[in-house]
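Visitor: Hi, could you walk me through this one? I'd like to hear about the metal site and any odd backbone spots.
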Amino acid sequence: MDRPLTFLGLETSCDDTAAAVVRAPPGPGPGAVLATVVLGQGALHAPFGGIVPEIAARAHAEKADLAVEAALARAGLGLADLDGIAVTSGPGLIGGLLAGVMLARGIAAATALPLVGVNHLAAHALTPRLTDAIAFPYLMLLVSGGHAQFLAVEGPGAFRRLGGTIDDAPGEAFDKVAKLLGLGQPGGPAIEARAAAGDGRRFAFPRPLLDRPGCDLSFSGLMTAVLRARDALARGGEGPAGGDLADLAAGFQAAVVETLAEKSRRALARFPAPVFAVAGGVAANRALRAALAAVADAAGARFLAPPQALCTDNGAIVAWAGIERQRAGLARAEDLLARPRWPLDGAALPLLGGGRRGAKG
Ligand code: KG4
Ligand code: ZN
């Protein structure tokens, strides 16, 4: 660790074509995000009500090189200024992963730069080291559109899963509930905005799996409960509106937040780390952040939630994970094989149905 490292990071695992340039200091310390470019595909998928893998793959193939060019231009750097390239090689939608890995391989072949394949979940999980240079070990709650897991993070390649979802991911639940309430996508921000004016206690939605020990999660029953409450309110075929809509959104959000908070309390009791960090798209939710901060506080742990732009999918967290793996001597050729499934903790048993559902699964 005797010189700074500057990496290009490329992310194409789902519906964001993203590239970024990140510089790590010579010793321990946070990274500097020199430029980050995210080209979303929301408008392309909107008419279909969900992510269409073929459309996503084609859009990544068309735009990934533009994202890389834009990131380098914004950083004021050329390929010759880089020390390496990192690319998400899994888990995710295979077409998009292939588009990203192929582009990264091409750039690496043309420049002879080192190329590091990065696990998308590891990229999320290592984010608090990019932003705050925290030491290992720490507890991470990863909550995104495709994943929900508690991880004991013990090194750049050492992740132990303490629990996770047995069905849907919370982001997926936010997206589906938004859809059934007639709100736009992505559902998280839409529900959070509506919930602000609602009464979270009007509907008695379930707090899934709180009756079971451990920190596994489940969200499918909660979604069904929201659906039933919506239908009970429906009159003359009209969807819920006004105060009803706000109360349904608030009730659902409160159930997700309370469940995640209680499971976090249990995870911290099992793995009493000095830092509790959250990452993934759902970590952008302010009610969730506040509840998790309170849980960390009560357990005497420092709470860390990276800025929103680094919580949702982006190239900077991929570049950083690439730097960490390169420095730790963990970069392996087989990590460059694009793969749709790639559990972080190979030793953990598969969760019942966990991560298999939905476009992001
Ligand atoms: O990490 P991410 O960008 O993509 C992956 O799933 O990998 O997460 C996207 C998810 C979406 O499901 C979106 O609805 C959710 O994060 N999300 C939120 C909020 N902002 C984004 N969920 C709840 N509250 C939010 N404010
Ligand atoms: Zn993600």
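Guide: Happy to. One term before we start: helices (H or I, at least four residues) and strands (E, at least two) are DSSP runs, numbered from the N terminus. Also, this is a predicted model.

Visitor: Good. Where are the cis peptide bonds?
Guide: One runs from Gly 90 to Pro 91, with omega near -15 degrees. Pro 91 sits in the loop between β4 (84-90) and α3 (94-111). Another cis bond joins Phe 136 and Pro 137, with omega about -5 degrees, and Pro 137 is in the loop between α5 (127-132) and β6 (138-143).

Visitor: What is the phi of Ala 133?
Guide: About 55 degrees, so positive although Ala 133 is not a glycine. Most residues other than glycine have a negative phi. Ala 133 lies in the loop between α5 and β6 and is partly exposed, at 33% relative accessible area.

Visitor: And Leu 209, buried or exposed?
Guide: Buried, with a relative accessible area of 14%. Leu 209 has a positive phi too, near 65 degrees, and belongs to the loop between α7 (187-195) and α8 (220-233).

Visitor: Over to the metal. Which protein residues are donors of the zinc ion (ligand 2)?
Guide: His 120 (NE2), His 124 (NE2) and Asp 313 (OD), at 2.0 to 2.2 Å from the zinc. Their spacing in sequence is H-x3-H-x188-D.

Visitor: How are His 120 and His 124 placed in helix α4?
Guide: They are four residues apart in α4 (residues 120-125), so about one helical turn separates them. His 120 is buried at 7% relative accessibility, and His 124 is buried at 0%.

Visitor: Why is the site irregular?
Guide: The angles among the four donor atoms run from 92 to 154 degrees. Tetrahedral requires all angles between 85 and 135 degrees, and square planar needs opposite donors over 155 degrees apart, so the site counts as irregular.

Definitions and conventions. Residues are numbered from 1 along each chain as its sequence is written. Chains are lettered from A and ligands numbered from 1 in the order in which they are written. This is a predicted model: local features need pLDDT of at least 70, side-chain atom pairs count only at pLDDT 80 or more; totals for chains, interfaces and linings use all residues. Side-chain values use heavy atoms; hydrogens and water are left out. Donors are N, O and S atoms within 2.8 Å of the metal (3.2 Å for Na, K and Ca); water is not among the atoms, so sites may look incomplete. Four donors count as tetrahedral if all angles lie between 85 and 135 degrees; four count as square planar and six as octahedral if opposite donors are over 155 degrees apart and all others between 65 and 115; anything else is irregular. Buried means under 20% relative accessible area, exposed over 50%, partly exposed in between (1.4 Å probe, protein chains only).
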